[in-house]
Amino acid sequence: MRSVQVIKGAILCLIASIAWGAMFPVAEQALKHIDPFYFSFLRYASVSVLLLIWLVIKEGKKALRLEGRAMLLWFYGTMAFTVYNFFIFLGQNLLGKSGVILASIMEAMMPLISILILWIHKRARPAGFTMGCMIVAFSGVFMVVTKGDIGFFSEAKNSLLPVLIIFLGVFGWVVYTIGGNSFSNWSPLRYSTLSCVLGTITAGIIVAVMTWLGYLEIPKFKTLVLIRWEMTFMILIAGLAALISWNIGVKYMKPVNGILFINFVPVTTFAISVIQGYTTTMFDVAGTLLIITALICNNLYQRKTLQKRLPQTT
């Protein structure tokens, strides 16, 4: 029975990772017609409705109670469904085609970024091996960003801001993921639903204010029709299906095993981008391989360390 669950978990984690990897090339097509803010808001407004229906059907109306934790839930939801989505797609859009690759790579680096955050926040200094993996991974990001041009930082100042924006977006999702530990007595579906709803409300307020101030324009109906297939994928596949598949898959496999599948995010993005005509460089390939290798090595190290601490587990 355990082996069957592991296989199911592996399949579900793979589905989620591939969906997230395809998300960035698909978003690129949609962002040619709609701004990143309305794109993100409309996407997760739809996902919120679907999650609410799912939660009520599965756990009943009692699952909608916030239990006096509204502010904490709102904060984590805002970090994920406002900060992450606004920033990562804004940065991707500003960088153009290269932003598609970089956004997916930063997504795959979430496990190492979370280690960095815990180090700063809880003074939980990572092991030397993990720190080495972090250095290798960030070296890979440097290669992809600069394309081997040592004059990048002096000649491409306009590119530094989008890179920082993407990093801040990823930072927001890592905070959200870590925050899930504060709701361990809730089901993943309940935490995902209520945080998504509250975070999307924040996004809606920001979009409304920016529209009122004249920085944004409400998308026309013909625009929504034009991006209907991209938005359908972002809502149903990269949004709802990927989120639920990941949560169930990680539950079957345990996080230390499931997190390995995040490596398929940049691989999928890379493959689709090549098919779409993106001209890759040796620095794109080498940088991506460095990051994936660092993530896998660190994951194997963590599993080995965990087994030493708990030799009785199987």
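Me: Before we start, what do the words buried, partly exposed and exposed stand for here?

Reply: Buried means under 20% relative accessible area, exposed means over 50%, and partly exposed is in between. Keep in mind that this is a predicted model.

Me: Thanks! Then why is K8 called partly exposed?

Reply: K8 has a relative accessible area of 47%. Partly exposed covers what lies between under 20% and over 50%, so K8 counts as partly exposed at its 47%. You will find K8 in helix α1, which covers residues 2-30. K8 and G249 are 241 residues apart in sequence, yet 7.0 Å apart in space, from C-alpha to C-alpha.

Me: What makes S40 count as buried?

Reply: Its relative accessibility is 1%. Buried means under 20%, so S40 belongs in that class. S40 sits in helix α2, residues 36-59.

Me: Which residues does S40 touch, leaving out those up to four places away in sequence?

Reply: They are N85, F86 and F89. With the same kind of neighbours left out, F89 touches M23, F24, A27, L31, P36, F39, S40, R43 and M234. F89 also appears with F24 and F39 as the residues with the most contacts inside the largest nonpolar core, which has 87 residues. Helix α3, residues 70-95, gives the most to this core, with twelve residues.

Me: How do you know that T200 is buried?

Reply: T200 has a relative accessible area of 6%. The cut-off for buried is under 20%, so T200 qualifies. T200 lies in helix α9, residues 188-212. Leaving aside neighbours within four places in sequence, T200 is in contact with F41, Y44, A45, S48 and F81.

Me: What makes the link between T200 and C196 a polar contact?

Reply: The side chain of T200 reaches the backbone oxygen of C196 at 2.6 Å. A polar contact needs a pair of N or O atoms within 3.5 Å, one able to donate a hydrogen and the other to accept it. The 2.6 Å distance is within that limit, so the pair meets the distance cut-off.

Me: Last one: how do you know that the reach of helix α13 is close to what is expected?

Reply: Helix α13, residues 264-275, has twelve residues and reaches 16 Å from its first C-alpha to its last. The expected value, at 1.5 Å a residue, is 16 Å. Among the buried residues of α13 are V265, P266 and F270. After α13 comes G277, with a positive phi near 105°.

Key: Residues numbered from 1 in each chain as written. Predicted model: local features only at pLDDT ≥ 70, side-chain atom pairs only at ≥ 80, totals over all residues. Heavy atoms only, no water. Helix = DSSP H or I, 4+ residues; strand = E, 2+ residues; numbered from the N terminus. Expected span 1.5 Å × (residues − 1). Buried < 20%, exposed > 50% of the residue type's maximum accessible area, 1.4 Å probe, protein only. Core = buried A, V, L, I, M, F, W, Y, C linked by side-chain atoms within 4.5 Å. Contact = heavy atoms within 4.5 Å.
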